[in-house]
Amino acid sequence: MRRGRGADGFALGAWAVVLVLTLPVALGVLATLLPAFGWHPAAGARAPGIAAFADLFSTPSFWASLRTTLVTGVGAAILAVMVSFGGAACLYGTRWFDRLSAVLAPALAYPYASFAIGFAFLFAPSGWLARAVSPWATGWDRPPDLLILNDPNGIALMLALATKEALFLVLMIVAALGQVPARQMLRAAATMGYGRVTAFLKLVAPQLYPQLRLPIYAVLAAGLSNVDAAIILGPAAPPTLGPLTLDWFGQLGAEDQTRAAASCIAQLVLAAIVIVAWRAGEGVAARATSAWLADGRRASGFAPTAAVFAGSLLGPMLAVTAASILVLAMWSFAEAWPWPLGLPSGWSLLPWQSGMGTLSEAIANTACIGFGTAVAGVALAVLCLEAQSEGHRRVPSWLLYIPLLVPQIGFLFGVQLLWSRLWLDGTIAAVAATHLLFVLPYVFLVLRDPFAALDPRYAKASRVLGHGRLKTLVRVKLPLLIRPLMVAFAVGAAVSIGLYLPTVFAGAGRVPTLTTEAVALAAGADRRLAGVAAAALTAMPLLGFALATVIPAMVARRRRGLSL
Amino acid sequence: MTGAPVTPGGAGLTRRGVTASLAALPLALSACGRDVPADPAKDAAWADILAAARGQTVTWTAWAGDQKINAFIGWVGAQTAARFGVTVRHAKIDDTAVMVQQMLADKTAGRTRGGRTDLVWINGENFALARENGLLWGPFAERLPGFGLVDAEGKPATVTDFTLPTLGYESPWGIGQLTFFHDSARLPAPPRTTDALLAFAVDNPGRFAYPAPGDFTGTTFVKQVLMAVMTAPRDVLYEPADEAGFDAVTAPLWDALDAFHPHLWRSGRAFPPNFPALRRLLSDREIDLAFAFNPAEAANAVSQGLLPATMRAYVPDDGTIQNAHFVAIPFNASAKAGAMVVADFLLSPEAQLEKANPDVWGDPTVLDVARLTGAQQAAFAALPTASALPPPEDLGRGIAEPHPSWHLGLISAWRERYAA
């Protein structure tokens, strides 16, 4: 009897998680569909029909914007897949590979907005690279008039997105390699005379790819609807679809509002089409390569060369990521740094002193929302996993990916309408609840495997000794899982801290966080302050990871019997 | 910068349905119960308003794109808290249109009380739209004790906002005028008229830029060019624009911009998003000339080490657009008494003096300095001077803002031509 009741409680928790993940997305899409089809009384639109789509498709900037959106989103994903698989093929089995995964974990926590700002600092015609070689090598006594950033084709944006996504996918590959007997297969292939890269491509990659499928689709969806990096690095006239839509939302006319909603739906459909096309492309690629996979050739050929070439881009990508962090940090301590100096003309704490004043509200909001949603996310995930651990069906992983696969802009507009209907828009609570939607999937993915891998005998022993399920969970299972729990917390906080669009929508533009401030300051006059915002934004998730290292160590000291 | 998206209200779902569904979300249940004090009576004495205001928190929604202005708003909050017990919360936004949208949605949804913002920084086309839709509470400006010192005659922009009489629905707090600045060490003789500026850009390819319209400074620059090249009499700009008239009047503008753009920074294929970005291009030496609405912009940047000490500022000989900025109280503001107290404090000689200080902001006063006490006049006279401030006589060359319909028309026509 008692056991049954407990199980029901946990099952309810599991349902709550599923609801939290899917219901707002579904309602959000619905609430976006209504204005897209002409029903938006708050803005004065009460004529159901497809006028908004006609309006959208007859707007010239939409088509130009669609083109750059496709180029940047799909181009970045293709590049990222090539570089990450190529890099893994080149490095797997070398000592570099283990180091790589240690370096990449914090890189994952590096928010898009910070990265874009650092990237811009590096590559602008007046940026660090140009300064490093000017005027002595280039003869530029003033910055060259080159359209490198914000180029009309979106190349700068595409390369920045590709860099960020490639690092993410490498990390996903590292995780997926744990599920594949890669080492044994490669050893066997080596004894048969296969080259290392060829063996990886022929044996490991085909088994790896299915596990990478959902992350790759998430990368596609994110790249196609990116807003924060696109504002900073993307084309301006017109911008990609994300910022263009956001711009229409900011305008006053009812037709601007309905056109914006229609554009959200168009982006939803676009992402669906691209993902379906990608899926079809997978089949084509599988057929095209099947002969090669089985041809028995041990090395050389086009594919390994291409893999080495693509993989060799991983080095520069890591270097750019590191240099962009470094240049952010330098700007944040610069007294002044005029062109063409390679280093600031003096160092100062002043940017941080004034930054802490002007950014205090944003820092408080970011910490509150980030760490709050991370705790809530971990709690909900534990509830759900615990419910599954005793006989209930597992929550299918595609369900978890829903908030990541549906382009944010496609349902956030609707979510925002719902919040404002409740009159909660612009509150920290609304922002935090909206963030939870994106935090929970990541937290869940981090915790799922450690939870499943926990030796069930500990729990059994506790239950046999008469402890209830809750007590067993809290006193036995969770302490054993303290390390993955803390990592999940840190990852969850990092996700929340980096969110831009959900903050702007749910916050109604009135809940500043470090991400929104950094994006705003990126376009501003004072690079030092932008550097402070971006550096603080980079440091905040690292704080979470530091906690994730320190706390398990402290727990371990109190429980010497445990090897954590 | 894009605006935050805000369109509250009416997705055709019932409130109860939505409430029930969202109850699944934790954290959603905070932020209940808003305390809504009564509005001050139309004939309430100032002492009563001060008494009602004590203890109130005024949410002041204001564009937050400039750190020095944000710092000044912070200073105002500290002062009103100490003097009147009124706390100011700066709700930072990057696009005032978004806030008007929000008020409009409140109005549509019938939310006449307990609004989320108490005081808004507003002017121009946003004021026009807000008035047209009855989104502002008032008239209140004439009821502020400090309003008596406003120089409505000498500075007509303080009571006429983009040709529209303010009628007490907004209270002025500062004046801006488009002011150019340049590094005299690198550009000793900048162009002194708009025509000369167009020629300068052609002679110095890639060395001039302006923010993309939509940004108010960029839109103002386009108005300046329009005024310089238009063949129709300038008076038409002070009447509402109709479609046929707009196309005819602006035709010479587009010809001029078509010819001008290929010579701009990045060949006119990219535009800085706002005036702080424009200023950064100047400090990075990517361009030779920049402008802002604040006459003290360059002086302020010099004092912060963002621009070299050889900066100089000026207003071109053919004059530049001048306007005032205002604060208004939304129809459903929760803390109207507190909002009035803040608006009144903004008009006080002390706040105006602080704001006019080029080290703080450098925004010219709306007051008639001649009507102040001797000590106050002396304080204004003793404001720090800086070589990067425009000569005082330059600010006499002000041109009034055209009707707001031109502002909106120019933005959308510009975007259609150059951002599509």
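These legends go with close-up views of a predicted model.

**View 1. The interface between chain A and chain B.** Here we're looking at where the two chains meet, with 78 residues from chain A and 75 residues from chain B taking part in the contact. Together the chains bury about 6600 Å², and 59% of that is on carbon and sulfur atoms. On the chain A side, A:Arg421, A:Trp423 and A:Arg510 lose the most area to chain B, together 14% of what that side buries.

**View 2. Polar and charged pairs across the interface.** There are 14 residue pairs in polar contact between chain A and chain B, both partners at pLDDT 80 or more. Helix α1 (residues 2–36) of chain A gives the most to the side of chain A that touches chain B, chipping in 8 residues. Sort that side of chain A by residue type and you get 51 nonpolar, 13 polar and 14 charged. As for salt bridges, 6 run across the interface of chain A and chain B.

**View 3. A salt-bridge network around A:Asp425.** Zoom in on A:Asp425 and you'll find a salt bridge to B:Arg116, with the closest N and O atoms 2.3 Å apart. The pair belongs to a network of salt bridges that also links B:Asp106 and B:Arg111.

**View 4. B:Asp284 reaches over to A:Arg527.** This salt bridge has its closest N and O atoms 2.9 Å apart. It crosses between chains, from B:Asp284 in the loop between α9 (275–283) and β9 (289–292) of chain B to A:Arg527 in helix α26 (residues 527–558) of chain A. Both B:Asp284 and A:Arg527 are buried.

**View 5. A salt bridge within chain A.** A:Glu386 pairs up with A:Lys477 in a salt bridge, the closest N and O atoms being 2.9 Å apart. A:Glu386 sits in helix α16 (residues 360–389) and A:Lys477 in helix α22 (residues 469–480) of chain A, so the pair ties together parts 91 residues apart in sequence. A:Glu386 and A:Lys477 are both buried.

**View 6. B:Arg371 meets B:Asp368.** The two side chains form a salt bridge, 3.3 Å from N to O. B:Arg371 counts as partly exposed, at 42% relative accessibility, while B:Asp368, at 18%, counts as buried.

**View 7. Helix α7 of chain B.** The 14 residues of this helix (residues 216–229) should span 20 Å at 1.5 Å a residue, and the end C-alpha atoms are indeed 20 Å apart. Of those residues, 12 are buried, so α7(B) is largely enclosed by the rest of the structure. Among the buried ones are B:Phe221, B:Leu226 and B:Met227. At the N-terminal end, B:Asp215 acts as the cap, with a side-chain oxygen 3.2 Å from the backbone nitrogen of B:Thr217.

Conventions. Residues numbered from 1 in each chain as written. Chains lettered and ligands numbered in written order. Predicted model: local features only at pLDDT ≥ 70, side-chain atom pairs only at ≥ 80, totals over all residues. Heavy atoms only, no water. Helix = DSSP H or I, 4+ residues; strand = E, 2+ residues; numbered from the N terminus. Expected span 1.5 Å × (residues − 1). Buried < 20%, exposed > 50% of the residue type's maximum accessible area, 1.4 Å probe, protein only. Polar contact = N/O pair within 3.5 Å; in protein donor to acceptor, adjacent residues only side chain to side chain. Contact = heavy atoms within 4.5 Å. Buried area = accessible area lost by both parts, 1.4 Å probe. Salt bridge = Lys/Arg side-chain N within 4 Å of Asp/Glu carboxyl O. Nonpolar A, V, L, I, M, F, W, Y, C, P; charged D, E, K, R; others polar.
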